[in-house]
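Hi,

Here is the structure I said I would pass on. Have a look at it first, and my notes follow underneath.

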Amino acid sequence: MNIVMISPGFPLEQAYFTRALAQTGAQVIGVGDQPLEALPPEARENLAHYEHVALADEGTVLRALSGVAEHARIDQVECLWEPYVVLAARIREHLGIAGMSVEQANWFRDKEQMKLVLDRAGIRTPRHASAGNAAEIWEAAEQIGYPLIIKPIAGAGSADTYRVDNAEELATVQTMIGHVGQMSVEEFIDGEEFTYDTVCGNGDILFENVSWYIPRPLQQRSHEWISPVTLVLSDLSDPRLADGIAMGRAVIEALDFTHGFTHMEWYRKSDGEVVFGEIGARPPGARTVDIMNYATDGDLFATWAQAVTAGTAPPVTHKFNCASMFKRAEGRGRITHVEGLERLLREEGEHVCVVDLLPVGAQRRDWRATLLSDGMIIYRHMDLGETLRLSDRFARELQMYAE
Ligand SMILES: Nc1ncnc2c1ncn2[C@@H]1O[C@H](COP(=O)(O)OP(=O)(O)OP(=O)(O)O)[C@@H](O)[C@H]1O
Ligand SMILES: [Mg+2]
């Protein structure tokens with residue numbers, strides 16, 4: 001089998017998916033922005049061929065692949081990076097290859113299209129409207145009511161996303177989003193926020209995962225002092241998750257998703273009602289696939305690769321609750337010191353899987369631009385209460401300082 005992999009080495013975890021794809025015996029043809037030398041070795045060493053093209057230039061990508069197709073039959077096109085999921089579908093249509101269509105890919109990319117399809121399937125989405133200019137935003141606000149959320153129609157990383165509580169705030173927010181273009185305006189849903197992630201093969205859900213965001217992503221992004229946590233839950237039979245999981249399965253079916261990774265977000269209100277958030281046809285980012293691997297002692301890079309090539313994969317089940325926590329240093333500039341790490345590792349080290357903090361002397365990262373912030377730790381425990389206790393300790397006692 002000859003499989004095209006879009007962006008095989010960026011973001012970094014793509015390289016592990018690329019390697020896993022090659023390990024199934026497939027010939028992997030990489031197409032990406034990075035020069036060949038810049039690819040991580042896990043990608044470079046596992047590619048049968050590489051086309052270095054600007055992915056944003058669709059015409060060039062299609063021409064390059066038509067050229068490749070003259071020499072080798074292309075059987076499949078895979079893309080696990082959000083900005084190019086629709087490009088992958090265009091390549092399929094251009095070359096006449098089976099797999100997710102452009103229309104279907106847009107359901108995963110355009111937050112209005114997505115909700116319209118799900119509304120028709122009877123899924124509870126936030127009340128929503130799309131708005132392309134000031135007049136439409138005010139009209140949408142009128143129709144939906146406050147509090148509401150305004151966000152880009154194809155956003156990521158909570159960028160340009162605002163909660164708006166009244167007309168005065170709407171006027172202020174409007175001056176900040178002039179550059180964004182088409183927006184999605186939604187009813188604000190108050191509640192806890194979870195994910196429902198899958199690996200599918202041949203139309204079957206082969207692996208399911210639920211993560212709990214602590215606190216909600218919009219708050220993670222609004223307050224620098226917060227240490228954001230993504231907690232992969234081990235007990236999927238917890239009754240508090242049942243309605244969210246049922247919704248997740250219904251969404252996969254409504255969108256007719258058959259092969260690959262999905263990452264959905266959903267809300268659970270205090271009265272127990274669950275509401276759809278969004279879904280991508282890709283794995284969750286910010287190293288969440290690593291967290292799933294530590295939670296299951298599995299290899300989801302391989303599970304995905306087997307699912308998309310053979311349509312099936314050996315079962316992977318959760319053994320641990322496993323969490324990542326991102327740390328943000330106090331102060332600006334370069335990291336000067338880290339407090340609490342030695343004690344925490346002495347007392348809780350058996351539960352810690354990864355410590356990946358910026359070293360002393362390194363320049364701080366921009367916490368607003370990247371969830372990765374100034375570094376992360378991953379820890380796990382079979383008991384959820386204990387996992388939350390670990391979160392609490394690492395949030396309070398592990399502190400980084402900058403100049
Ligand atoms: N209707 C809503 N009600 C309440 N909160 C919302 C709503 N829509 C978005 N949010 C908040 O904003 C965050 C970002 O929104 P959303 O997930 O739609 O955008 P994104 O930028 O694609 O996200 P990601 O960070 O997953 O890439 C959500 O995680 C949630 O905390
Ligand atoms: Mg989101």
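Leaving aside its neighbours within four places in sequence, which residues is V4 in contact with? With those neighbours set aside, V4 touches I29, V31, L65, I74, V77, E78 and I91. Before you read on, please keep in mind that this is a predicted model.

I started with V4 on account of the packing. V4 and W304 are the residues with the most contacts inside the largest nonpolar core, which has 93 residues. Helix α12 (residues 300–310) is the top contributor to this core, giving seven residues. Domain 1 (2–99) and domain 3 (192–402) each put at least three residues into it. Another core lies apart from that one; it has eleven residues, and A131, I137, L170 and M183 are among them.

Now the domains. The domain assignment splits the protein into domain 1 (2–99), domain 2 (127–187) and domain 3 (192–402). For domain 1 and domain 3, the C-alpha centres are 27 Å apart. Their contact involves 15 residues from domain 1 and 15 residues from domain 3. On the domain 1 side, helix α1 (residues 14–23) brings the largest share, five residues. That side of domain 1 comprises nine nonpolar, three polar and three charged residues.

There is also a record to set beside this: an unreviewed UniProt entry places "domain: ATP-grasp" at residues 115–309. In the model, that stretch is 35% helix and 29% strand, with its end C-alpha atoms 30 Å apart.

Next, ligand 1. Its shell counts 20 residues, and the closest are A156, E186, I189, P217 and L218. Sorted by class, the shell has eight nonpolar, five polar and seven charged residues. At least two shell residues come from each of β6 (148–152), β8 (183–187), α9 (217–222) and β14 (274–280). Where does ligand 1 lie relative to the domains? Both domain 2 (127–187) and domain 3 (192–402) give residues to the shell, so ligand 1 lies between them.

I also went through helix α4 (residues 85–95). Its buried residues are V85, V86, L87, A88, A89, I91 and R92. Among the elements covering them are β1 (2–6), α3 (58–71), β4 (76–78) and α5 (102–107). I91 turns up here as well as in the list of V4 contacts. H94 is in α4 too, but is it buried or partly exposed? H94 has 17 other C-beta atoms within 10 Å, so it is partly exposed; the cut-off for buried is 20 or more. From H94 to E70 is 24 residues in sequence and 13 Å in space, C-alpha to C-alpha. After α4 comes G96, which has a positive phi near 70 degrees.

The last residue I looked at is G244, in helix α10 (residues 239–254). G244 counts as buried because it has 23 C-beta neighbours inside 10 Å. Setting aside neighbours within four places in sequence, G244 contacts F194, Y196, V210, W266, R268 and V274. G244 and G25 are 219 residues apart along the chain, and their C-alpha atoms are separated by 36 Å.

Over to you!

Terms used. Residues are numbered from 1 along each chain as its sequence is written. Chains are lettered from A and ligands numbered from 1 in the order in which they are written. This is a predicted model: local features need pLDDT of at least 70, side-chain atom pairs count only at pLDDT 80 or more; totals for chains, interfaces and linings use all residues. A residue is near a molecule or strand if its C-beta atom, placed from the backbone, lies within 6 Å of it. Helices (H or I, at least four residues) and strands (E, at least two) are DSSP runs, numbered from the N terminus. Ala, Val, Leu, Ile, Met, Phe, Trp, Tyr, Cys and Pro count as nonpolar, Asp, Glu, Lys and Arg as charged, and the others, Gly among them, as polar. Domain bounds come from an automatic or database domain assignment. Two residues are in contact if their C-beta atoms, placed from the backbone, lie within 7 Å. UniProt positions are given in the numbering used here, feature names are shortened, and annotations may be inferred rather than shown by experiment. A nonpolar core is a set of buried Ala, Val, Leu, Ile, Met, Phe, Trp, Tyr and Cys residues joined through C-beta atoms within 7 Å. A residue is buried if 20 or more other C-beta atoms lie within 10 Å of its own, exposed if 12 or fewer, and partly exposed in between; C-beta atoms are placed from the backbone.
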